[in-house]
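Dear colleague,

I am writing to hand over a structure that you have not yet worked with. Please find it below, together with its sequence.

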There are 2 protein chains.
Amino acid sequence: MSEHIVKSYDRDLEALGRRISEMGGVAEKMLAEAMDALSMLDVDLAQRVVASDARLDILQREIEENAVLTIARRQPLAVDLRECIAAIRISGDIERIGDLAKNIAKRTLKIATEARLPRAIVGLRSMHEVAATQLKDALDAYALRDVERARAVWENDADLDALEDSVFRDLLTFMMEDPRNISFCTHLLFCSKNLERIGDHTTNISETVVYLATGESLPMERPKSRIGLRGSEQDVAQ
Amino acid sequence: MSEHIVKSYDRDLEALGRRISEMGGVAEKMLAEAMDALSMLDVDLAQRVVASDARLDILQREIEENAVLTIARRQPLAVDLRECIAAIRISGDIERIGDLAKNIAKRTLKIATEARLPRAIVGLRSMHEVAATQLKDALDAYALRDVERARAVWENDADLDALEDSVFRDLLTFMMEDPRNISFCTHLLFCSKNLERIGDHTTNISETVVYLATGESLPMERPKSRIGLRGSEQDVAQ
């Protein structure tokens, strides 16, 4: 390939990387704001989160189209082909993370007028802390092509699953204590499932980083929790 | 292109189409069996559904790899490029449908030993009827490149959303009637959300068929229900 073509190809890849970085920033902000909206039952903030999802959809479509055009035009091999495939996969996962954050915001709109139970949200905030850290680490691992950090994200996902089991049991208990909590807690159950699914997509991103850097896939089975909270819900994912 | 290359290219596309058809068959069977297992609380059947998901994961990975290699090798344009992109997208949606059917089977394993409430499952069976018909129509629309059938699937998805709202309200009512129903009905709430999500992925397939046949994307906003059941849950998706 001539130097000119190589440079133009590098520019294609750089543009993909920049767009993914922008998507990651939007998704992180959506997640943080959706959880703030839920904690404070802030309807205005929840509506802003819902509105910001459109940007992610547009970016994902652009990344997918540009990655495919790059494959078709440049016929890349090995690591360069993996760059394009990774861009398609990661943009898909970030788009889903945005959807799930949007769902938390939409739940906030539903429960804003219901009887409140602040202690029911405590466990969700713990889940959010883990999910937000994991997402940041996965996006950093992609930006830096840092395989070790990506593997750590992959291993830590079990902690989020364990927290979700704990939240699940707590919410069921609140519902059994007082039937007036049932509707509120049911919406929170779905929020907790959304956070757990955000963790799954974050783990997908870390798997893609390993694939990108090494050409290898991680084994399908993810590690079980190290912190020993997992109970009857162990294998149930939404 | 020489005739030889064209034929070999057609064989690539045919192979992709055959694998997607196989994936669709596996996913349809998983969904039907997962709902049978749930209705009869049949643990053995549920375990078989869980086990069959691995086949979908393998097929999806193969389709993705082969589609990308076809794009890199043949540099297709227009409709041929869309064939490859459609294969990647549709295999991703079918894989997710299999995951969601597997989740229903896993819920069955959890609730098999709990107090039963047969009338709570009636609404889920109605949802399943709609979801299974929609899935069959979407897969047929892909196999026949039938844009009209694809558009009909896209328009009918609102019916499934409306049914989910109805199931949501019924399950909440059962929980409020008797706290001993809370755990059982909570698992069914997630099953109902899984069926609704299967409808979303089925709608994605129909959107991809329209894109494949026409090069156009359907508008992002899907139609609201024609059957008027949608209430407070209207905009909440998991």
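The notes that follow describe what was found in this structure, beginning with the whole chain and ending with one pocket.

Please bear in mind throughout that this is a predicted model.

Overall architecture

Chain A contains six helices and zero strands. Its pattern along the sequence is therefore written α-α-α-α-α-α. The chain has 238 residues, of which 56% count as buried. Contacts between distant parts of the sequence are well represented: among those joining residues at least 6 apart, 85% link residues at least 24 apart. The area that chain A exposes is about 10,000 Å², and carbon and sulfur atoms supply 51% of it.

Cysteines

How many disulfides does a search of the whole structure find? The search returns zero over all chains. Two cysteines may nevertheless be noted for their surroundings. Cys185(A) has a relative accessible area of 0% and is buried. Cys191(A), with a relative accessible area of 1%, is also buried.

Ser91(A) and its surroundings

Ser91(A) is a residue of helix 3, which spans residues 78-111 of chain A. Is this serine buried or exposed? Ser91(A) counts as buried because its relative accessibility is 1%, under the 20% cut-off.

Two backbone oxygens lie 3.0 Å from a polar atom of the Ser91(A) side chain: one belongs to Ala87(A), and the other belongs to Ile88(A). Leaving aside residues up to four places away in sequence, Ser91(A) touches Met23(A), Gln60(A) and Ile63(A). Ser21(A) is 70 residues away from Ser91(A) along the chain, yet their C-alpha atoms are separated by 9.5 Å.

The second largest pocket

Ser21(A) appears again in the description of a pocket. The second largest pocket has a volume of about 270 Å³. It is lined by 17 residues, and those closest to its centre are Gly17(A), Ser21(A), Tyr142(A), Ala143(A) and Arg145(A). Which elements give two or more residues to this lining? They are helix 1 (3-40), helix 3 and helix 4 (119-144) of chain A. Helix 1 gives the most, with nine residues. Helix 3, which contributes to this lining, is also the helix in which Ser91(A) lies.

I hope that these notes are a useful introduction to the structure.

With kind regards

Methods
Residues numbered from 1 in each chain as written. Chains lettered and ligands numbered in written order. Predicted model: local features only at pLDDT ≥ 70, side-chain atom pairs only at ≥ 80, totals over all residues. Heavy atoms only, no water. Disulfide = S-S within 2.5 Å. Buried < 20%, exposed > 50% of the residue type's maximum accessible area, 1.4 Å probe, protein only. Helix = DSSP H or I, 4+ residues; strand = E, 2+ residues; numbered from the N terminus. Contact = heavy atoms within 4.5 Å. Polar contact = N/O pair within 3.5 Å; in protein donor to acceptor, adjacent residues only side chain to side chain. Areas by Shrake-Rupley, 256 points an atom, 1.4 Å probe, with all protein chains shown as cover. 1 Å grid on protein atoms, 1.4 Å probe; cavity = no way out; pocket = protein on both sides within 12 Å on 5 of 7 lines; lining within 4 Å. Points joined across faces, edges and corners; volume = space filled by probe spheres on them.
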